[in-house]
Amino acid sequence: MVTIRDVAKAAGVSTATVSRILNNKGEASPETIERVRKIAEEMNYKPNTLAKSLSKGNTNLIALLIPSLENPFFPELVKAIEEAANAYGYHVYLCNSDDERSKVKYYLDSVLSSYVTGAIINSLYVKTKDLDFLESRGVRTITIDRSQSDHPYSSITVDHKKGARLAVRHLIKEGGCRKIVHLSGPKDEKSANDRLTGYLEVLKEDGHGQVPQVVYGNFSMESGYEAVKGLINSGASFDGIFSSNDAMALGAIRACTEAGLKVPSDMKIVGYDNIQFSRFSTPQLSTVDQQKHKVGRLAIEELNRLIRNENEKPRKYEVKPELVVRESSVD
């Protein structure tokens with residue numbers, strides 16, 4: 001990589017002169033300015049933005065801790081956050097924890113050594129004491145979605161119970177379903193439990209006497225496929241599936257198809273997340289959109305507010321999901 005020293009040596013001037021010219025500061029003869037700029041361009045010199053930021057005490061680097069890259073929702077969330085971050089002049093340091101506490105600990109330590117100025121955290125395994133640790137060292141934080149929000153710092157939560165209620169009511173009222181299975185996420189996952197709660201509430205209120213049927217997966221397509229395949233093989237009777245995420249819903253569609261059940265005429269299915277794949281499945285998947293682009297924008301806007309003024313107080317936000325009706329839930 002070409003350094004400022006290389007440019008200075010080629011131009012026959014000091015590094016300080018190169019710095020002043022490229023930053024439009026200080027004075028130099030027109031000939032020197034032209035020569036330095038031309039040499040810098042020919043050598044494809046790029047300023048070391050990290051070193052420049054460190055000299056100012058601000059790297060413009062934001063850590064983003066996510067639980068998985070295998071679930072299609074999270075790469076899309078990363079993209080939404082990265083787009084918002086770039087618009088505000090921030091760069092994203094991606095930390096994939098694979099939902100393991102050991103990796104969470106590693107990334108929490110590396111955040112400090114990487115001179116990160118803020119952190120967006122989506123993890124079951126980050127506790128208030130971890131946020132205390134980061135904040136006490138000048139790293140402003142915000143938790144989103146699956147993370148706990150009962151801490152004194154900024155957070156964004158999605159009303160997953162409402163999202164589930166929208167999906168289940170749709171299956172009952174528009175889909176005509178009378179035996180709805182809930183394909184839930186892991187039992188220790190907060191957002192999955194919120195969606196389960198919404199499902200149970202609607203069955204109790206508007207379920208026409210339906211008995212809850214709940215099976216569990218781990219948010220992967222394979223786990224959705226295996227869970228629904230097992231239900232079908234056991235002889236269970238059901239005509240609708242509300243899945244806790246789109247990936248498992250896609251696996252459920254595959255299991256139904258293999259068993260000779262047509263979606264939506266025999267089985268109506270609604271997922272959750274509104275990932276891009278949901279628009280291209282056969283049939284197209286009805287789903288609940290949890291507003292990842294809004295979450296990404298809010299997270300960056302909130303961190304920017306906190307970073308720019310250390311006296312700003314944390315804020316709590318709640319995002320309302322929306323139902324997206326496609327082919328998999330209506331005839």
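Here is a short chat about strands, loops and cavities in a predicted model.

Reader: Before we start, what kind of model is this, and what pLDDT do local features need?

Author: Residues are numbered from 1 along each chain as its sequence is written, and side-chain values use heavy atoms, with hydrogens and water left out. This is a predicted model, where totals for chains, interfaces and linings use all residues, side-chain atom pairs count only at pLDDT 80 or more, and local features need pLDDT of at least 70.

Reader: Okay, let's look at β1. How many of its residues are buried?

Author: Strand β1 covers residues 61-66; helices (H or I, at least four residues) and strands (E, at least two) are DSSP runs, numbered from the N terminus. Buried means under 20% relative accessible area, exposed means over 50%, and partly exposed is in between, with a 1.4 Å probe and protein chains only. In a regular strand the side chains alternate between the two faces of the sheet. Here L61, A63 and L65 point one way while I62, L64 and I66 point the other way, and all are buried, so the count for β1 is 6 of 6.

Reader: Which residue of β2 stands opposite I62?

Author: Strands β1 and β2 (residues 91-96) run parallel and are joined by 6 bridges; two strands pair if DSSP finds at least two bridges between them. Across from I62 in β2 you'll find V92.

Reader: And what is the bridge partner of L65 in β3?

Author: β3 is the strand at residues 118-121, and 4 bridges join β1 to β3 in parallel. The partner of L65 there is I121.

Reader: What handedness does the β-α-β unit of β1, α5 and β2 have?

Author: Picture the strands pointing away from you: a crossover is right-handed if the path from the first strand over the helix to the second runs clockwise. The helix of this unit is α5, residues 73-87. The unit made by β1, α5 and β2 is right-handed.

Reader: Moving on to β6, which residue of β7 stands opposite H182?

Author: Strand β6 (residues 180-184) has 5 of its 5 residues buried. I180, H182 and S184 sit on one side, with V181 and L183 on the other. β6 pairs with β7 (residues 213-216) in the parallel sense over 4 bridges. Opposite H182 in β7 is V214.

Reader: Through which helix does the chain cross from β6 to β7?

Author: This β-α-β crossover is right-handed. Its helix spans residues 190-206 and is α9.

Reader: What about β8: which residue there is the bridge partner of V181?

Author: β8 is at residues 240-243, and β6 pairs with β8 in the parallel sense over 4 bridges. The partner of V181 in β8 is I241.

Reader: Now the loops. What omega does the cis bond between V263 and P264 have?

Author: P264 is in the loop between α11 (246-258) and β9 (268-270). A cis peptide bond joins V263 and P264, and its omega is about 15°.

Reader: Which residue is joined to P283 by a cis peptide bond?

Author: P283 is found in the loop between β9 and β10 (287-289). The cis bond has omega near -5°, and the residue before P283 is T282.

Reader: Is D98 buried or partly exposed?

Author: D98 sits in the loop between β2 and α6 (101-113). Its phi is positive, about 55°, although D98 is not a glycine. The relative accessibility of D98 is 32%, so D98 counts as partly exposed.

Reader: And F219, buried or exposed?

Author: F219 lies in the loop between β7 and α10 (221-233). F219 has a positive phi of about 80° although it is not a glycine. With a relative accessible area of 11%, F219 is buried.

Reader: Which elements give two or more residues to the lining of the largest cavity?

Author: A cavity is a set of points on a 1 Å grid, over the protein atoms alone, where a 1.4 Å probe fits but cannot get out, and lining residues have an atom within 4 Å of a point. The lining of the largest cavity includes N71, F73, F74 and F219. The elements giving two or more residues to that lining are α5 and α9.

Methods:
1 Å grid on protein atoms, 1.4 Å probe; cavity = no way out; pocket = protein on both sides within 12 Å on 5 of 7 lines; lining within 4 Å.
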